Amino acid sequence: MPTNILMPALSPTMEKGNLAKWLVKEGDAVKSGDVLAEIETDKATMEVEAVDEGTVGKIVVPEGTSDVPVNELIAILLEEGEDASALDGAGKPQAKAAPEQAEATSEASKSEASKSDAATSEAAPRPSEAGHGEAPKSETKADAPKAAANGHDKGERVFASPLARRLAKEAGVDLKAISGSGPHGRVVKADVEEAKASGGAQAGGGDKTAPAAESKAPAAAPAAKAPVPAGASDEAIKKLFAEGSYEEIPHDGMRKTIARRMTEARQTVPTFYLTVDCEIDALLALREQINSSAPEKDGKAAWKVSVNDMVIKALGVALAQVPDANVSWTEGAMLRHKHADVGVAVALPNNGLITPIIRAVETKTLSVIAKEMKDFAQRAKDRKLKPEEYQGGTTAVSNLGMFGVKDFTAVINPPHSTILAVGGGEKRAVVKGGEIKIATVMSLTLSCDHRSVDGALGATLISAIKRLIEKPMGLLV
């Protein structure tokens, strides 16, 4: 039977992708491993390979199509011996996801996006769920005739997302008394919160014959979490500016992901900051020696170590020396990592950023780190990084020194527990032996997740980094 080719989820954060280019055409024979298409995600451009052999029977989504949802049908592959007649009826889902699971995922994504809420463990779609936050269209449409305009069918069944049901139960809110604002009248989280805020729709309020005892929430029911404050709506913001005085530039997938992740970090990670000033004259001298000793290849130096490369190495070695700070927080346990995998923020031409990861930094030489960073930076700008090259990591470095920034604080990227913000080196007056002298000084600020790295531990880590920066021979041993 025909095989459906679906838009793949190429990263945990991917919800939609752009079908940039088809590398096959209808009628082409393909085998497992052949490259079918190029897909642009929110972070990179990647090739999609065939997992079965057959003939391309139909291309459903043409190249150049933007925002194709994950799990959307993009092409149909015919098996050996099948012809075009086998396409009749093809394209239907081959493995139907559980309706409640698909509804929950879709509702969580749509409700959160409309209210500008941060992604939480209760509402954010997980990679294993249908569509990564976008339910397959065939299933969403199938639900349409089931729901009436107010979220109820004739049999008084309430159509509500699982999250809305749970919140309503905790708050003692009667779902039958709520008019849903979700797709096809489905009751969603925002509807329950609005009912709570207005004081209406209490349990029993939608059914006058219900016993009085049922009108109260159970005594042991936990209090519902306070809703995350939503910012002003798009229309409210636009009204503040004269019509024609601005240009609207739609957000791309990367910018949406950055916004969601940074909002989540600010709202869920209790962060504190530690700043130190490091004298880097010895580090600059060592860097010059290292680069002057690089062998030449085709008339060019085989490597060129930057100050940022040396900071990356210092952070990795420091984490090896202070392993209790090389951790990630989970609700059930602390994850202490065996290696320091350092993500490095790289600015992209479209004003986005990505953090390729140097693995096991504490084990690598400065020349290897320099080569990897040069390769990563170029492929990041070309959107050619593979998911395993930018996902994960145990900490990160963000360097704005090249822009003349003296010092700043960086936002932790969960599940990291730390991130090191690096300012620019500058000549400053310092006191040495009771005398004022001139030294090149660089400011470092360490952001720490207080759940996993407390004050004393964070101070121990940044002190180790400072020691390695000021006595850089420790980076070579």
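Visitor: How much area does the chain expose, and what share of it do carbon and sulfur atoms supply?
Guide: Welcome! This is a predicted model. The chain exposes about 25200 Å², and 54% of that comes from carbon and sulfur atoms. Of its 477 residues, 42% are buried. The chain has 11 helices and 21 strands.

Visitor: What makes the pair of Phe-241 and Tyr-246 edge-to-face?
Guide: A search of the whole structure finds one aromatic pair. Phe-241 and Tyr-246 form that pair, with 6.4 Å from centre to centre and 70° between the planes. Rings pair if their centres lie within 6.5 Å, and planes over 60 degrees apart count as edge-to-face. Since 6.4 Å is within 6.5 Å and 70° is over 60, the pair earns its name.

Visitor: Why is Phe-241 called partly exposed?
Guide: Partly exposed lies between under 20%, which is buried, and over 50%, which is exposed. Phe-241 has 47% relative accessibility, so it counts as partly exposed. Its partner Tyr-246, with a relative accessible area of 36%, is partly exposed by that rule.

Visitor: Why is strand S21 described as largely enclosed by the rest of the structure?
Guide: Strand S21 covers residues 435-449, and 11 of its 15 residues are buried, so the rest of the structure largely encloses it. Buried here means under 20% relative accessible area.

Visitor: How do you know that strands S9, S19 and S20 pair with S21?
Guide: Two strands pair if at least two bridges are found between them. Strand S9 (residues 271-279) is joined to S21 by nine bridges and runs antiparallel to it; Cys-278 stands opposite Met-442 there. Strand S19 (residues 418-422) has five bridges to S21, again antiparallel, with Leu-420 opposite Leu-446. Strand S20 (residues 426-432) has seven, also antiparallel, and Val-430 stands opposite Lys-437. Nine, five and seven each satisfy the rule of at least two, so these strands pair with S21.

Visitor: Which residue takes a positive phi in the hairpin of S20 and S21?
Guide: That is Gly-433, with a phi near 60°. The hairpin has two residues between the strands.

Visitor: What makes S5 and S7 edge strands?
Guide: The open sheet of four strands has the order S5-S4-S2-S7, with antiparallel pairing. Strand S5 (45-49) and strand S7 (65-69) each pair on one side only. From one strand to the next, the twist averages 40°.

Visitor: How do you know that S2 pairs with S7?
Guide: Three bridges join strand S2 (residues 16-22) to S7, and pairing needs at least two. Gly-17 has Val-68 as its bridge partner in S7.

Definitions and conventions. Residues numbered from 1 in each chain as written. Predicted model: local features only at pLDDT ≥ 70, side-chain atom pairs only at ≥ 80, totals over all residues. Heavy atoms only, no water. Phe/Tyr/Trp six-rings, centres within 6.5 Å; stacked < 30°, edge-to-face > 60°. Buried < 20%, exposed > 50% of the residue type's maximum accessible area, 1.4 Å probe, protein only. Axes fitted to C-alpha atoms, helices over the stretch in contact; angles between N-to-C directions. Areas by Shrake-Rupley, 256 points an atom, 1.4 Å probe, with all protein chains shown as cover.
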